[in-house]
Amino acid sequence: MDLKAESKWGTGVIEQLSLDMKTAFPDVRGFSTTNLWYVKQWYVFYSKQYSKMQRAVAELQKLIKLPQVVGELFGKEKLPQLVAEVGQSPKVPQAAGVLAYPRFFSLVPWGHHRLIINKCKDIDEAIFYLLKDIDGHWSRSVLEDFIAEGLYQAQGSLPSNFDTTLPEDYSAKVKEVLKDPYDFGFLKMPLKYQERDLEDALTHNITRFLLELGKGFTFYGRQVELVVSGTSYFLDMLFYHVRLKCYVVVELKVTDFKPEYVGKLNFYVTAVDRLLKQDDDKPTIGLLICKSKDNTKVEWSFDGLNKPIGVAAYDLKRFLPTSEEMESQIRLMMDEHDKGGKE
């Protein structure tokens, strides 16, 4: 929009439009001057790149075809009508293109739209969160958290050997589900902790962990026992992904990545394939989550492996002890010192 056109959107025009809209629709909320400026911002943001909006609608059409999504949002009886609306793809001028698909935009609450256009750097990122928001039925706080955590940048960046161990189309789906890094900032961990401590904390916060992993994960169990040739092996955490239709073995490491970790996980994935996987399940996937990693070491460790494995790091906010915890520790140290002096 050029400066001449922009100048027509003066404060007086918006204030008058606000009054006119409130008069015309007295029972409808949302016509404040502030909100009308957001409407203009939203329109300009999307109308600049109509071709990308067409791609977004194509992806949304795929989502609507999912029975569970349709059932929850519209009811199955409305599916043919909705798909027909999408299939029309009307020819419209670029400037008005964003308004060609109001039905899909209505699936996202207005507060979510405002958040997306204010927080996203470009339309590709905005489309990503629109699709995720509709598919996951996110609340506004969840959407805000994922944008702040950089889900758009993290998803699909996981170092893996999926391209060589999985069919091309399925590999793309798996890479879309997994990400790097994972944000464990919802945990309250001490300055020093062990792998079992991290596993305990994630299990106790399993709902938040499942949200961080992404939609489709179901928790099978922790320390799952697998017996191979009379020897028991215990998996840190085991999940099943209902959309990928496969088991996901998660191994946790509170240290930097080491190549031998991948060999061990490869064995666990093989064991799950042999002992738990059913004929209609897809190949089991291994996910190693470490404190940190070097991507070159990770990529070299995949050489010769035939099981699909990905390696991610995790981010963990370090919490300082509260004043009460510090006082307790000081008292404990003083008591131990006094006992030592008496001896």
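Leu202 touches Phe184, Phe186, Leu187, Phe209, Met237 and Leu252, leaving out residues up to four places away in sequence; contact here means heavy atoms within 4.5 Å. This is a predicted model, so local features need pLDDT of at least 70 and side-chain atom pairs count only at pLDDT 80 or more, while totals for chains, interfaces and linings use all residues. Residues are numbered from 1 along each chain as its sequence is written, and side-chain values use heavy atoms, with hydrogens and water left out.

**Two buried spots**

Back to Leu202, which sits in helix H14 (residues 195-204). Helices (H or I, at least four residues) and strands (E, at least two) are DSSP runs, numbered from the N terminus. Leu202 counts as buried because its relative accessibility is 0%; buried means under 20% relative accessible area, exposed over 50%, and partly exposed in between, with a 1.4 Å probe and protein chains only. One of its contacts, Phe186, is 16 residues away along the chain, and the two C-alpha atoms are separated by 9.3 Å.

Gly286 belongs to strand E5 (residues 285-290). With 0% relative accessibility, Gly286 is buried. Setting aside residues up to four places away in sequence, Gly286 touches Val249, Leu265, Val269, Pro308, Ile309 and Gly310. Val269 is 17 residues from Gly286 in sequence, with 6.0 Å between their C-alpha atoms.

**The wider chain**

How many helices and strands does the protein chain have? There are 18 helices and six strands. Of the 343 residues in the chain, 42% are buried. Take the contacts with a separation of 6 or more: 64% of them are between residues 24 or more positions apart. The chain exposes about 19500 Å², and carbon and sulfur atoms supply 53% of that; accessible areas come from the Shrake-Rupley method with a 1.4 Å probe, and for residues only the protein chains shown count as cover.

On the cysteine side, the structure holds zero disulfides, a disulfide being a pair of cysteine sulfur atoms within 2.5 Å. Cys246 is buried at 0% relative accessibility, and Cys290 is buried with a relative accessible area of 0%.

**The second largest pocket**

The second largest pocket has a volume of about 180 Å³. For the grid details: on a 1 Å grid over the protein atoms alone, a pocket is an open set of points with protein on both sides within 12 Å along at least five of seven lines, whereas a cavity is a set where a 1.4 Å probe fits but cannot get out; lining residues have an atom within 4 Å of a point. Grid points are joined across faces, edges and corners, and a volume is the space filled by probe spheres set on the points.

Its lining is made of Leu17, Met21, Arg29, Gly30, Phe31, Asn35, Leu36, Val39, Trp42 and Trp110. Helix H2 (11-24) and helix H3 (33-47) each supply at least two of the lining residues, and H3 gives the largest share, four residues. By class, the lining has seven nonpolar, two polar and one charged residues. Ala, Val, Leu, Ile, Met, Phe, Trp, Tyr, Cys and Pro count as nonpolar, Asp, Glu, Lys and Arg as charged, and the others, Gly among them, as polar.

Trp42 also turns up among the contacts of His113, together with Phe105, Val108 and Leu130, leaving aside neighbours within four places in sequence. His113 is in helix H8 (residues 110-119) and counts as buried at 3% relative accessibility.

**Backbone oddities and strand E2**

Most residues other than glycine have a negative phi, and most peptide bonds are trans. A cis peptide bond joins Asp180 and Pro181, with omega about 5°. Pro181 is in the loop between helix H13 (168-177) and strand E1 (182-183).

Two residues that are not glycines have a positive phi:

| Residue | Phi | Place | Relative accessible area |
|---|---|---|---|
| Gln223 | about 50° | strand E2 (residues 217-228) | 24%, partly exposed |
| Lys245 | about 60° | loop between strand E3 (231-241) and strand E4 (246-252) | 44%, partly exposed |

Glu225 is in strand E2 as well. Is Glu225 buried or partly exposed? At 44% relative accessibility, Glu225 counts as partly exposed. Apart from neighbours within four places in sequence, Glu225 is in contact with Ser232, Tyr233 and Phe234. Leu235 lies 10 residues from Glu225 in sequence, and their C-alpha atoms are 6.6 Å apart.
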